[in-house]
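Here are my notes for you on this one. Have the viewer open while you read, and click on each residue as it comes up.

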Amino acid sequence: MSDSEEEGPPQLSSYALAALQEFYAEQQQHHPDLRGDDKYNIGIIEENWQLSQFWYSPETALRLAEDAVAAAGEGGRIACVSAPSVYQKLRERHRDAVSVCIFEYDRRFAAYGEDFVYYDYKNPVDLPERIATHSFDIVVADPPYLSEECLRKMSETIKLLTRGKILLCTGAVMEEAAAKLLGVKMCKFIPEHTRTLGNEFRCFVNYDSGLDRDLSVQLPVQEGPK
Ligand SMILES: C[S@@+](CC[C@H](N)C(=O)[O-])C[C@H]1O[C@@H](n2cnc3c(N)ncnc32)[C@H](O)[C@@H]1O
């Protein structure tokens, strides 16, 4: 037996092993493996608060997705702009039966292949050639920041993409700016997130939407005096 065989296979130091594990965890975070049945689960891509990522609750994402499908009509085309969990719900529920694109700044969502369109609101009209203008029946959008500048820039993109219908989710404080920039009105439906946020969020639409017909949360029945 040679000396090297006696020593066995080379061992990594605990320091090197920890560094390698950290590297693999990092890789998984940046290039998530989205091949399983759970690939469209909300939260499969973790929130990164530095990118202002706050995911909708599954119930809210479903409600928004179904409203978008109803508004787009059969065979309609839907754009999800900075609203990845609506995209995930659409694909989870309708698989290949809907035509949907996810416009996102976070490149981890590129794992969704051709549906992914890299998008930075700071360059609102900088879109790939394969995306024809006014080719989406409805645009669902949720700007990352509660500022007029962010909404103004994203509005340019929304108007460029839509054939007319718009579903915007943002802070209630943006109501006036949203009406001015996009002609949208606040709905009764109250969107909810997976965690409690400090700001009141609302949905705004410019079409006859189910989101304006009933409330998301059933208020408890008030009991009269006994
Ligand atoms: C407030 S979150 C909206 C997510 C939505 N609640 C959902 O569950 O799908 C804002 C989104 O904007 C994206 N974002 C961050 N920076 C951006 C940028 N510069 N341009 C466009 N989108 C950006 C984030 O990745 C995030 O998906």
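**Notes on the model**

1. Let's start with valine 117, which is partly exposed, as 19 other C-beta atoms lie within 10 Å. For the cut-offs: 20 or more other C-beta atoms within 10 Å of a residue's own makes it buried, 12 or fewer makes it exposed, and anything in between is partly exposed, with C-beta atoms placed from the backbone. Valine 117 sits in strand S3 (residues 116-118). Its contacts, leaving out residues up to four places away in sequence, are Cys101, Ile102, Phe103, Leu127, Pro128 and Ile131; a contact means that two C-beta atoms, placed from the backbone, lie within 7 Å. Proline 128 is 11 residues from valine 117 in sequence, and their C-alpha atoms are 7.7 Å apart.

2. Before going further, two housekeeping points. This is a predicted model, where local features need pLDDT of at least 70, side-chain atom pairs count only at pLDDT 80 or more, and totals for chains, interfaces and linings use all residues. Residues are numbered from 1 along each chain as its sequence is written.

3. Now the overall layout. The protein has six helices and seven strands, in the order α-α-α-β-α-β-β-β-α-β-α-β-β along the sequence. Helices (H or I, at least four residues) and strands (E, at least two) are DSSP runs, numbered from the N terminus. Of the 226 residues, 31% are buried. Take the contacts between residues at least 6 apart in sequence: 61% of them join residues at least 24 apart.

4. What gives the most to the largest nonpolar core? That core has 49 residues, and Ala68, Ile78, Cys80, Val81, Val86, Val139 and Val140 touch the most other members. Helix H3 (residues 58-72) gives the most to this core, with seven residues. By nonpolar core I mean a set of buried Ala, Val, Leu, Ile, Met, Phe, Trp, Tyr and Cys residues joined through C-beta atoms within 7 Å. Valine 139 touches Ala79, Val81, Ile158, Leu161, Thr162 and Ile166, if you skip residues up to four places away in sequence.

5. Next, look at strand S2 (residues 99-104), where five of the six residues are buried. S1 and S2 run parallel and are joined by five bridges; strands pair if DSSP finds at least two bridges between them. One pair to click on is arginine 77 with its bridge partner in S2, serine 99.

6. Helix H4 is largely enclosed by the rest of the structure, because eight of its 11 residues are buried. H3, S1, S2 and S4 are among the elements that cover those buried residues. Just after H4 comes arginine 95, with a positive phi near 40 degrees.

7. H4 (residues 84-94) also supplies the largest share of the shell around the ligand, three residues. In total 20 residues surround the ligand, and the closest are Ser82, Ser85, Tyr105, Asp142 and Pro144; the test is a C-beta atom, placed from the backbone, within 6 Å.

8. Finally, try a ruler check on helix H5 (residues 148-161): at 1.5 Å a residue its 14 residues should span 20 Å, and the end C-alpha atoms are indeed 20 Å apart. The expected span is 1.5 Å times one less than the number of residues. Buried residues in H5 include Leu151, Met154 and Leu161. Strand S5 (162-171) and helix H6 (175-182) are among the elements covering the buried part of H5.
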